[in-house]
2 protein chains.
Amino acid sequence: MILSKSCEYAIRASVFVASKSQKKQRVGINEVSEAIGSPRAFTAKILQTLVRKNILSSAKGPAGGFYLERSDSLHLIDIIRATDGNGLFISCVLGLRACSDTQPCPMHKQVKPIRDQLLIEFSNKPITDFVTDLERGKYYLK
Amino acid sequence: MILSKSCEYAIRASVFVASKSQKKQRVGINEVSEAIGSPRAFTAKILQTLVRKNILSSAKGPAGGFYLERSDSLHLIDIIRATDGNGLFISCVLGLRACSDTQPCPMHKQVKPIRDQLLIEFSNKPITDFVTDLERGKYYLK
DNA sequence: ATAATAAAGGACAAATTTGTCTTCTATTAA
DNA sequence: TTAATAGAAGACAAATTTGTCCTTTATTAT
């Protein structure tokens, strides 16, 4: 709804990969899609783009799979921007190209603080935050 | 991004119709789509559904067109629900069917207050609020 | 009644998003 | 160096959203 399906899968997959990565484990696409309940081939595509954009890393061959280097510096916002772009936070809710603070659409003033808040939440949330709670069974990915 | 294109058009069209309605004028689809800069036939479809859902009214024939009865009771949320449904406010950001307060997805806690706030803003905003400012040239619809 | 007007409705088409399948490429281990 | 493993890449396909066009129906004025 607010995020694309691709982005939903991207986040859930990344959280799962991150949790495995903390245990120094790489994880294959089959395990990922099984863990988050997503279509395998489609998820593969999505992870490929995340790798291309240096969000995740991957290795081919036996004992290969996806993993996360520098997981501390990865925040939700990075994954969202990589898959859906920045539109959620900047483009006009009513689809007006010229909408701005000085030339606002009718909803501009109401929506701006809310989306700013959303941006802050996503920006301040490192993936590692989720991992601990995930392993405590506090969160679900599927 | 957060609203569908259909919903964007629906809102902009409704605001325009409301402003004309305050002057006891009905307005044709050509004028509407011209005023808000939207594809004519597509906008017609959208207004048809709004009429079917009793958001707007319409009259056929010469001097016909779209108009708004009881414009005081029409709020943004009604238009959003009529075109996009309620998903924006209730369905899980990460697309998990089972996501809830007791079985939350990793983003549940962060996102809930924000979407609640969004719902409040949309629910408290009567269309009439926009009309005055629109006529003062304070807002743009295109 | 007839002509003109304007929304309603249906069939169709383009674009985008979501998803599948098959082949290619790189890596590892025997 | 061969076989097995696993991601990368490309061509397709289904579904959804966005958009067009043409015909029908209702209303008004002459």
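**Figure 1. The surface near DNA strand C.** By class, the surface near DNA strand C in this predicted model has 10 nonpolar, 9 polar and 5 charged residues. Here Ala, Val, Leu, Ile, Met, Phe, Trp, Tyr, Cys and Pro count as nonpolar, Asp, Glu, Lys and Arg as charged, and the others, Gly among them, as polar. Altogether 24 residues surround this strand, and the closest are K5(A), P39(A), A41(A), G61(A) and G28(B); a residue is near a strand if its C-beta atom, placed from the backbone, lies within 6 Å of it. Two or more residues each come from α1 (5-22) and α3 (40-52) of chain A and from α3 (40-52) and β2 (65-67) of chain B. The largest share, 4 residues, belongs to α3(A). Helices (H or I, at least four residues) and strands (E, at least two) are DSSP runs, numbered from the N terminus.

As a guide to the labels, residues are numbered from 1 along each chain as its sequence is written, while chains are lettered from A and ligands numbered from 1 in the order in which they are written. In this predicted model, local features need pLDDT of at least 70 and side-chain atom pairs count only at pLDDT 80 or more, whereas totals for chains, interfaces and linings use all residues.

**Figure 2. The surface near DNA strand D.** Which residues are the closest to DNA strand D? They are G28(A), K5(B), P39(B), A41(B) and G61(B), from a set of 25 that surround the strand. The elements giving two or more residues here are α3 and β2 (65-67) of chain A, along with α1 (5-22) and α3 of chain B. This surface holds 10 nonpolar, 9 polar and 6 charged residues.

**Figure 3. Where chain A meets chain B.** Look for 30 residues of chain A in contact with 30 residues of chain B; contact means that the C-beta atoms of two residues, placed from the backbone, lie within 7 Å. On the chain A side, α1, α5 (87-90) and α6 each give two or more residues. That side divides into 18 nonpolar, 6 polar and 6 charged residues. The copies meet through the same surface, because 100% of the interface residues of chain A are also interface residues in chain B.

**Figure 4. The axis between the copies.** A turn of 180 degrees and a shift of 0.0 Å along the axis lay chain A on chain B with an RMSD of 0.0 Å. The two copies are therefore related as by a two-fold rotation axis. In chain A, the C-alpha of I2(A) is nearest the axis, at 2.5 Å. The superposition is by least squares on the C-alpha atoms of residues with pLDDT of at least 70 in both copies.

**Figure 5. One side of α7(A).** I127(A), F130(A) and V131(A) are buried in α7(A); buried means 20 or more other C-beta atoms within 10 Å of a residue's own, exposed means 12 or fewer, and partly exposed lies in between, with C-beta atoms placed from the backbone. These three cover an arc of only 105 degrees around the axis, so they sit on the same side of α7(A). The arc is that of the directions from the helix axis to the C-beta atoms. The buried residues of α7(A) pack against α1 of chain A.

**Figure 6. Two exposed loop residues of chain B.** N54(B), in the loop between α3 and β1 (57-59), has a positive phi near 60 degrees. R70(B), in the loop between β2 and α4 (76-84), has a positive phi near 35 degrees. Is R70(B) buried or exposed? R70(B) counts as exposed because 8 C-beta neighbours lie inside 10 Å.
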